[in-house]
Amino acid sequence: MVVVNAQPWSAFLTLRQAPITTSSSFKIRPCFSSRRRLTPTFTTLRVGSLNPRCSINTDIATDQEVRDDVATDDCGCSVPVLHLKSDILETEALNLLAKGTFVDTLLTTLPVLSEEEQNIIAATPAHPAGLYALYASCLAGNMVEQLWNFASPAAIALIHPSLLPVALMGFVAKLAVIGGGPLVGKLMDHFPRVPAYNCLSIVQTAAQLVSVGMIIHGHTLHPTSASSLLFRPWFIVLVLVGAVERLSGLALGVAVERDWVVLLAGTNRPVALAQANAVLSRIDLLCEIVGAALFGILLSKYEPVVCLKIAAGLMMGALPIVVSLTWLTNKLSAGVLDRAVETCFSFSSRSSLKSENIVGVGLEAIKHGWFEYVRQPVLPASIAYVLLYFNVVLAPGGLMTAFLTQQGLNPSIIGGFSGLCAFIGVAATFVSTKMVKHLGILRAGAAGLLFQASLLTTAVAVYWSGSLSQQTPVYFFLALVVLSRLGHMSYDVIGQQILQTGIPASKANLIGTTEVSVASLAESIMLGVAIIVNDVSHFGFLATLSLVSVVGAAGLYCRWLENPTDTQRTLFSFSPDL
């Protein structure tokens, strides 16, 4: 049997044997009929006498012609005849021709983007209008949050001069973040994005308003000692709602920084994502500066109770603005935030959220969060980020302020040091975008860590030189710490983008909140060490520990960068690093 395909679109052909003559040959004709008959009876005689020559006849045989040809066969054997509908074959042939023509046209007319055009696309957000609405929402929400972060400890400190109440509130808040962060992240991954975000915004504002009421109530009392203050019912409520407020703020920040901004800017648009991260960092730093300055001005002109009432009014006024801008963000981005998050829960685990007690769910969430955190493809970058939180000494904060005060520096210089660190952080958001554009994401992160480690090494060497008793070495020491914030904030922005790219969207909130919990644990450990060695003479020891953590972060990250895995190459295939 010889099979010949006359045309590419002729899926079925009629095969027939002509009578055996000296000029006989095969005739292969498309037969179009409304019936299909197949009688597979061949004889060895007929097969053995086939002429090896084969020809293709492109004419179309009718049904009657086929019957006549079969009837003239000498040996009377049945020849298989296949009858098909002609309209189906003709239509299918035209369709295949049309598809082939379309593909050929597509391949010949598809434009190839130049490098400049590709760079323009990489720098253009996927949803620019939605991104701007998100910036406005973050500006309104962060302004009130940063205002309260400064107002709360200041107002409590005015009730009693001891640092114990403020320290206890901060410690409980960190415990809440460590224990409740994975649970909140799990819930954020489980529920729709926009309703969950608005719900947490309401919870945070409600906790802030309750805290305002408790502090105002505390100002009407006059506790004799700090220990008696700690056991007052209003203070216990204040501590609990403060932990809820801090946990809600954490979840809102993670949702925006690890999930929403990636959807709006685009994962495969590294420059646009870097610019979006930089803008969010600038908003946060500027709100920190403006919020502290605003409440400080209010405290200098009015009583603390009046200032707290003004803050409460700002909180209630900002809430509808945040909710409206959140809805507007989703609308301007064509509902991209409405798309379901591919969660890592099974249906049994979803039902367990309703059936099991909250303690069991919380423990399971913590366990699951740690499990996913360890398994993430960019774990070294995340550990480097956590190690930077061990640096609580060589950075603006309470311990550095206490040390500079003991050195006899003017308070205006100490305040100027903190302000310069904040402005350097804002400058780092601009620098980080340029670094990502010219070096790529991964190398830009390494550059930021190495820059910070080198400057802090010099600062610690200046400290151990014993020359800080003089004023000029102190200024040089502070200048090195201020400049090191450029590398720190650069990696803060770049490292965030690395984690956004490497962590799946279905686990962004869970892993993000777990990471913040680990960072809070690291910070708590260093604060605990500072409590044990609380004398100013041990500042050099604490500074050395901070330096070791920064150098360790840089070394770990660079080693990870030198030995990329296949997963790393796949995730960062658009980066010139790999």
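This is a short walk through one helix pair and several salt bridges, with suggestions on what to select at each stop. Keep in mind that the model is predicted.

**Stop 1: two helices side by side**

Start by selecting residues 193-219, which form helix α7, and residues 304-332, which form helix α11. Two packed helices are described by the angle between their axes and the distance between the axes. Here the axes come within 10 Å and cross at roughly 175°. Angles over 145 degrees count as roughly antiparallel, so α7 is roughly antiparallel to α11.

Now show the side chains where the two helices meet. On the α7 side, pick out residues including Val194, Tyr197, Ile202, Leu209, Val212 and His219. On the α11 side, the contacting residues include Pro304, Leu308, Lys309, Met315, Leu319 and Asn330. Try colouring the contact by residue class: you should find 16 nonpolar, seven polar and one charged residues.

**Stop 2: from α5 to α9**

Next come the salt bridges, of which the structure holds six. Side chains of opposite charge can pair when their charged atoms come close.

Select glutamate 145 and arginine 246, whose closest N and O atoms are 3.2 Å apart in a salt bridge. Glutamate 145 belongs to helix α5 (residues 128-159) and arginine 246 to helix α9 (residues 233-265), so this pair ties together parts 101 residues apart in sequence. Are the two partners buried or exposed? Glutamate 145 is buried, with a relative accessible area of 12%, while arginine 246 counts as partly exposed at 26%.

**Stop 3: from α9 to α19**

Stay on helix α9 and move to arginine 258, then add glutamate 515 from helix α19 (residues 508-532). These two residues form a salt bridge, with their closest N and O atoms 2.5 Å apart. The pair ties together parts that are 257 residues apart in sequence. With a surface switched on, look at how little of each is accessible: glutamate 515 counts as buried at 1% relative accessibility, and arginine 258 counts as buried at 10%.

**Stop 4: a network at α13**

For the last stop, select helix α13, residues 358-375. Within this helix, arginine 375 and glutamate 372 sit three residues apart, about one turn. Their salt bridge has its closest N and O atoms 3.4 Å apart. Glutamate 372 is buried, its relative accessible area being 5%. Finally, add Lys507 to your selection: salt bridges with shared partners join Glu372, Arg375 and Lys507 into one network.

How values were computed:
Residues numbered from 1 in each chain as written. Predicted model: local features only at pLDDT ≥ 70, side-chain atom pairs only at ≥ 80, totals over all residues. Heavy atoms only, no water. Axes fitted to C-alpha atoms, helices over the stretch in contact; angles between N-to-C directions. Helix = DSSP H or I, 4+ residues; strand = E, 2+ residues; numbered from the N terminus. Parallel < 35°, antiparallel > 145°, perpendicular 65-115°, else oblique. Contact = heavy atoms within 4.5 Å. Nonpolar A, V, L, I, M, F, W, Y, C, P; charged D, E, K, R; others polar. Salt bridge = Lys/Arg side-chain N within 4 Å of Asp/Glu carboxyl O. Buried < 20%, exposed > 50% of the residue type's maximum accessible area, 1.4 Å probe, protein only.
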